[in-house]
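Hi,

Here is the structure I said I would pass on. Have a look at it first, then read on for what turned up.

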Amino acid sequence: MNLFNLHTHYPSVSPNEIVIQDFSAEQILSSPYYSISLHPWTLDSNKPSQTTEAIKLKEKDHNFVALGECGLDKLCPTPFEFQFSAFRLMIELSEKYNKPLIIHCVKAFDEIIALKKEFQSKQTWIIHGFRGNPMQALQLIKQGFYLSFGPKHNSETIKLIPLGAIFAETDDSGDSIDSVYRLIASELNISVDDLARIILDNAIKYLNITI
């Protein structure tokens, strides 16, 4: 069964893994699927224009499936106003090019929810590496977000959210996607094959992944 990895910074090493690999604008390589990032940790004055040009260049590449990870992080040294401006740009590009957003969010959920309401986005917004509690998760899902879980997450949250809103990922961890699926499946008390089928269906439906 194919295991869909929503977000990783490394090439796939597993023959049954379908990945979205995160690249910065100057690092785009050949990959089954990839996203283009404007990450709050690495922002500088040149990154927004570089990223905009990269997106234009790759617009029609069917392997380019998402924007991100992008978002807001109140614990990183990048000035928040600059992060906010860059994230707004990514939202605008997401709408223009019909690409989902893979979102990095640290202590800025109120701002991200407000932006989603402001833009009334038609694109899929996924919070990657979600570690929040059940109440926070349900609030995000009510606002139309999807959640992706890595090796570290709140097991009580996993048990409560709708399966139609779930993704799995390895991010920059050293864990395999197989181990992440096994962990989540055990918490949900379902088989790995069933979980893989659910997440792959979500990817096809919400990310326009073709298998």
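Let's start with a spot that is easy to find: Asn 189 sits in the loop between α6 and α7 (192–207). (Helices and strands here are DSSP runs, H or I over at least four residues for a helix and E over at least two for a strand, numbered from the N terminus.) Asn 189 counts as exposed because its relative accessible area is 70%. For that word the cut-offs are: buried is under 20% relative accessible area, exposed is over 50%, and partly exposed is in between, with a 1.4 Å probe and protein chains only. Asn 189 also has a positive phi of about 60°, although it is not a glycine.

Before going further, a word on what you are looking at. This is a predicted model, in which local features need pLDDT of at least 70 and side-chain atom pairs count only at pLDDT 80 or more, while totals for chains, interfaces and linings use all residues. Residues are numbered from 1 along each chain as its sequence is written, and side-chain values use heavy atoms, with hydrogens and water left out.

Now the overall picture. The chain has 7 helices and 8 strands, and its C-alpha trace spans about 45 × 35 × 30 Å along the principal axes. Its radius of gyration is 16 Å, which agrees with the value near 17 Å for a compact globule of 211 residues. (That radius is taken over C-alpha atoms, and the globule rule is 2.2 Å times the number of residues to the power 0.38.) Of the 211 residues, 54% are buried. Take the contacts between residues at least 6 apart in sequence: 59% of them join residues at least 24 apart. Contact here means heavy atoms within 4.5 Å.

Back to the unusual backbone spots. Most residues other than glycine have a negative phi, and most peptide bonds are trans. Gln 120 has a positive phi of about 45° and is not a glycine either. You'll find Gln 120 in the loop between α3 and β6 (125–127), and at 64% relative accessibility it counts as exposed. There is also a cis peptide bond, joining Gly 68 and Glu 69, with omega about 5°. Glu 69 belongs to strand β4.

Next, the charges. Side chains of opposite charge can pair when their charged atoms come close. How many salt bridges does the structure hold? There are 5, where a salt bridge is a side-chain nitrogen of Lys or Arg within 4 Å of a carboxyl oxygen of Asp or Glu. Here are some of them:

- Lys 56 pairs with Glu 53, with the closest N and O atoms 3.7 Å apart. Both lie in helix α1 (residues 47–58), 3 residues apart, about one turn of the helix.
- Lys 159 pairs with Glu 156, at 3.2 Å between the closest N and O atoms. These two are in helix α5 (residues 155–160), again 3 residues apart, about one turn of the helix.
- Glu 111 and Lys 74 meet at 2.7 Å, N to O. This pair links distant parts of the chain, 37 residues apart: Glu 111 is in helix α3 (residues 109–119), and Lys 74 is in the loop between β4 (64–73) and α2 (80–97). Glu 111 is partly exposed at 22% relative accessible area, and so is Lys 74 at 41%.

Which charged residue is buried yet has no salt bridge? That is Glu 187, and the nearest side chain of opposite charge, Lys 159, is 7.1 Å away. (Lys and Arg count as positive, Asp and Glu as negative; His and the chain ends are not counted.) Glu 187 is in helix α6 (residues 177–188). Leaving aside neighbours within four places in sequence, Glu 187 is in contact with His 153, Ser 155, Ile 158 and Lys 159. Lys 159 itself is partly exposed, with a relative accessible area of 45%.

One last residue to click on is Ser 94, in helix α2. Ser 94 counts as buried because its relative accessibility is 0%. Not counting residues up to four places away in sequence, Ser 94 touches Leu 67, Lys 99, Pro 100, Leu 101 and Gln 123.

Cheers
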